[in-house]
There are 2 protein chains.
Amino acid sequence: MLQIPVTIDRSSPVPLYHQLYEQLSAAIETGRLKPGDAFENELALADRLQLSRPTVRRAIAELVSRGLLVRRRGVGTTVASQVIHRRDELTSLFDDISRRGQKPTTEVLDFVPDLENPVAAEALGLPADTPLLFIERLRLAGDVPTAVMQNWIPPRFADLTESEVAKGSLYAALRARGARPAVAHQTIGARRPSAKERRLLALAAGDPLLTMSRRAYDGDGSAVEFGDHCYRYDQYTFDVTVHES
Amino acid sequence: MLQIPVTIDRSSPVPLYHQLYEQLSAAIETGRLKPGDAFENELALADRLQLSRPTVRRAIAELVSRGLLVRRRGVGTTVASQVIHRRDELTSLFDDISRRGQKPTTEVLDFVPDLENPVAAEALGLPADTPLLFIERLRLAGDVPTAVMQNWIPPRFADLTESEVAKGSLYAALRARGARPAVAHQTIGARRPSAKERRLLALAAGDPLLTMSRRAYDGDGSAVEFGDHCYRYDQYTFDVTVHES
DNA sequence: GAGAAAAGAATGTTCTAACAAATGACATTC
DNA sequence: GAATGTCATTTGTTAGAACATTCTTTTCTC
């Protein structure tokens, strides 16, 4: 039974259970604790760190809900298999390309303030005649065209500039304006490309298109963005991790 | 301030916090409580139902984590915007078709016990030479061919029968054998169909294919299934809800 | 020796009890 | 009238305790 060293700072404004969670989480993700290892039990941990059982329990519960630990009543707690770890995140194509070590470039094809689009407005939970900021961009990874992205942005971000959008991630710009995207509903599908899309993405005849439409919202439910994206099928796939329970 | 009627059965084996969660959850999802409505506060709820505050708190915490409620310190708890609700679930195509009100039919194209497939075995975390059960099926929604599904199943489910697989959901059969799929990693993409796929799915020339490969695992990390599925692009899309935080 | 019963260990549920921190409303002061 | 301060309300954090449930291990009995 490996005892992970943990230091608790009671004068910190960070809740004790969160301090504990972070240090245990790090111990697992750095491999200090390996999948299958038995985990120190609640009582022992509470006693060793001079914390109450509910506090320790809460930290462990967080680790379990994140998929890092598995609890079995009567048996004990063990570090979950590697394949369980990992979780969905709200990422953008910009981040995805960067992470692959390629250099993302953006070409702004269209930038229209105050465009009405009933479908997009409704998806964002706004009145159908709300004027939205419309952006259409072509994304390249290095020299390879990867995606055509159309986005509709609600009025509260209307001060976005074209150069800002050309420079980097749309989400970075929205976050800089106080948006805190918390939930996104994505619909992923495939279809035949239009002539324009075929040209922009340099598709051969018969090549399919991978599509994703996304509605993103803040924690309080206010709309952040509606997007309609098309990807080259040989340049992009979606990884989704689904949890039961 | 609307008081939701709740009945708590203390003799039930169902935990009190879960009884409470279910009834409150139902009140929100049936629209009895509407988005933006103020929610009865913890103390009042605890007092009214003769429950302790931690118990009430746990039920509310569950509702918050499911996105049905929003809590703000010093202010109170309110019912979250509609768009936040819903969460990822581990579903199968069989369930999806049923839910749309269509009748799913299955045609077993291939059923091979003890087939070696290093790629599938490795994805399942098994030795490359592990003999796997291979199943290939054509799924129809009513009369319309919808998907071609290839699945590789680990040896512990080797007693699956062809008729069982033909009858219903593969997941139902696996669950009946004690599998409790908890996590699945899915990769969604698009590609051009092969000649065989074009024929099976009655695709026109140039029609694209929506693809999904999935690795599913039990709560303890043991492999449940590796699948490689192809869908008619006009019959199916993937809905994914992504959460930040 | 095999099976049943008991003991032990671990997590699961529930309660009572304080105190802390954030917020909004109201009152006070300048 | 505007800024400031106070207070009640509400959620957030932490503690300590008791008992229930489940699974493993050991012991006892036949």
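Here are some notes on how the protein chains meet DNA strand D, plus one buried glutamate.

1. Ground rules first. This is a predicted model, where local features need pLDDT of at least 70, side-chain atom pairs count only at pLDDT 80 or more, and totals for chains, interfaces and linings use all residues. Residues are numbered from 1 along each chain as its sequence is written, chains are lettered from A and ligands numbered from 1 in the order written, and side-chain values use heavy atoms, with hydrogens and water left out.

2. Who sits around the DNA? Strand D has 23 residues around it, and A:Arg10, A:Leu16, A:Tyr17, A:Thr55 and B:Arg53 come nearest (near means a heavy atom within 4 Å). Sugar and phosphate make up 70% of the strand D atoms that come within 4 Å of the protein.

3. Have a look at the phosphates. A:Thr55 puts a polar side-chain atom 2.6 Å from a phosphate oxygen of strand D. From chain B, an N or O atom in the side chain of B:Arg57 is 3.1 Å from a phosphate oxygen, and a polar side-chain atom of B:Arg71 also lies 3.1 Å from one.

4. As for the make-up of this surface near strand D, it splits into 6 nonpolar, 7 polar and 10 charged residues. (Ala, Val, Leu, Ile, Met, Phe, Trp, Tyr, Cys and Pro count as nonpolar, Asp, Glu, Lys and Arg as charged, the others, Gly among them, as polar.)

5. Finally, A:Glu40 is buried, at 7% relative accessible area (buried is under 20%, with a 1.4 Å probe and protein chains only). Its side chain makes a polar contact with that of A:Arg48 at 2.8 Å (a pair of N or O atoms within 3.5 Å; within protein, one must be able to donate a hydrogen and the other to accept it, and residues adjacent in sequence count only if both atoms are side-chain atoms).

Definitions and conventions: Buried < 20%, exposed > 50% of the residue type's maximum accessible area, 1.4 Å probe, protein only.
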